[in-house]
Amino acid sequence: GGVADSSCNVGKQASLDAEIGTTTANDDDYGEPTNATSSARVLYQAPTPARKLDSVGGEMGVAQTIDVNREQEIYEKIAEARYYMVNEVNIEPEYDAVRDICKNKHESCAFWAMLGECEKNPNYMKLNCAPICQTCDFLSIETRCPLDPNAVDALYPGDITKMFNRILTDPSIQQYQPTIVSRPEYAEGDTAETANYILGPWMVVFENALTDEEADRMIELGGNEGYQRSADVGRKLEDGTYDKKIYAGRTSTNAWCQNDCYEDPIAKRLMQRVEDITGVPEPNSEWLQLLRYEQNQHYNRHHDLIEYQKERQCGVRIFTLYFYLNDVEEGGGTEFPALNLTVTPKRGRAALWPSVYDHDPNLKDPRTEHAALPVTKGVKYGANAWLHQRDFKNPHREGCN
Ligand SMILES: O=C(O)CCC(=O)C(=O)O
Ligand SMILES: [Fe+2]
């Protein structure tokens, strides 16, 4: 089985593509950007027609077009880039991972670099004109998105037990009606005969995690954002990010509670509740994933933890808080095979489980593998809150994670 796709990479390409539209330059003086709408590319096409020399810079990716008015400066840029590629990138071991992918991807890279765009529009230029900007190192996500050595984790060893004990005792949380379904040891006074829970990882079901109005509103917000076929984590790409893959083992549709949904007062209240219940700061949470299963749709046995995120700024997923948003006519339970446990969907209910061990909160706890059983009658709506060791939202906006 795979793992549920995280919203980690969503929107990255779109924002990179958008960047180039903001590249501006002054008509009379190439050096000074203005707020004029003309892009460097448009500017380049007038007043003198381009002269395309296929041989110039072609060994560093796309051959560069030469503007006859700025010929000398563009040739200089290309010569400097060649020197950098031959004497640094092709030799130094630190470039091993990026050497083969460091290419100028646009014919105007040298022209733009001559205008100072590597500094003015770095997000686009450093990725798409890396030889000319001399930023091949930027093509590896480890370099582009370095880990902060001072970042604080949400969980250290022992914190999961503390958290669940707080959930069971803190008066402000009892309104959500937590019941323990699994815990590592018997509570004081309980025995195998009297306990109505199993021995396993910590797991709690809340009978009243959200009101009917809140549940209905979340379903409606998902509809507004638009439900699309759910994906899993796919292949690793050249720059260290991951593809998404559609597969027959996960047939639901989902929406992400970003943008308008994220600003909705009821969605905001729910995100705040996730923080209140778990104590994990809101920025550590992915945007709520709003799910819709029609008849026969399901999600095969899988684990929510995504291994590669251990090395990313957000860290691994540590908890899932899963909300059931409607009553399902038949089927659609969440099955935990290792625990011999199935949570039945019911509007207002939620289940909370860790993806990691209490003694090592960066290590996957395989006991919380689970599946969404097929809906056999009716429709099922749910919502995933996936909580990470560290800040998820801000790195995501930078194209990291
Ligand atoms: O729909 C469910 O019951 C569980 C969904 C799930 O496990 C997931 O989306 O990762
Ligand atoms: Fe899951």
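In what order do the 4 strands of the open sheet run? The order is 11-17-14-15, and the pairing is antiparallel. Two strands count as paired if DSSP finds at least two bridges between them. Strands here are DSSP runs of E with at least two residues, helices are runs of H or I with at least four, and both are numbered from the N terminus.

Okay, some housekeeping. This is a predicted model, where local features need pLDDT of at least 70, side-chain atom pairs count only at pLDDT 80 or more, and totals for chains, interfaces and linings use all residues. Residues are numbered from 1 along each chain as its sequence is written, while chains are lettered from A and ligands numbered from 1 in the order in which they are written.

Back to that sheet. Its edges are strand 11 (299-302) and strand 15 (341-343), each pairing on one side only. Inside, strand 14 (residues 334-336) and strand 17 (residues 370-372) are antiparallel, with 2 bridges. One residue pair to look for is Glu-335 with its bridge partner Ala-371 in strand 17.

Now, how sure is the predictor? pLDDT is its confidence in each residue, from 0 to 100. The protein chain averages 88, and 87% of its residues reach 70 or more. Helix 1 (residues 12-21) has the lowest mean of the elements, 31, and strand 16 the highest, 99. So much for the scores; let's visit strand 16.

Is strand 16 mostly covered or uncovered? Mostly covered: 5 of its 5 residues are buried. Buried means 20 or more other C-beta atoms within 10 Å of a residue's own, exposed means 12 or fewer, and partly exposed is in between, with C-beta atoms placed from the backbone. In a regular strand the side chains alternate between the two faces of the sheet. On strand 16, one side has Ala-350, Leu-352 and Pro-354, and the other has Ala-351 and Trp-353.

Who are the neighbours? Strand 12 (residues 317-324) joins strand 16 through 5 bridges, running antiparallel, and Thr-320 stands opposite Trp-353. Strand 5 also pairs with strand 16 (residues 350-354), antiparallel over 3 bridges. There, Val-205 partners Ala-351, and Phe-206 partners Ala-350.

Strand 5 (residues 203-206) is covered on both faces too, with Met-203 and Val-205 buried on one side and Val-204 and Phe-206 on the other. Strand 3 (residues 178-183) pairs with strand 5 in the antiparallel sense over 4 bridges, and here Phe-206 has Pro-178 opposite.

Last stop, a helix. Helix 10 (residues 212-225) has 14 residues, which at 1.5 Å a residue should span 20 Å (the expected span is 1.5 Å times one less than the number of residues), and its end C-alpha atoms are 20 Å apart, which agrees. Its buried residues are Ala-215, Arg-217, Met-218, Leu-221 and Gly-222. Seen down the axis of helix 10, they fall within an arc of 160°, so they line one face. That arc is taken from the directions from the helix axis to the C-beta atoms. Why might that happen? An α-helix has 3.6 residues a turn, so residues three or four places apart point the same way.

The face turned away from the buried side of helix 10 carries exposed Asp-212, Glu-213 and Asn-224. Just after the helix, Gly-226 takes a positive phi of about 100°.

Notes: pLDDT is the predictor's confidence in each residue, from 0 to 100.
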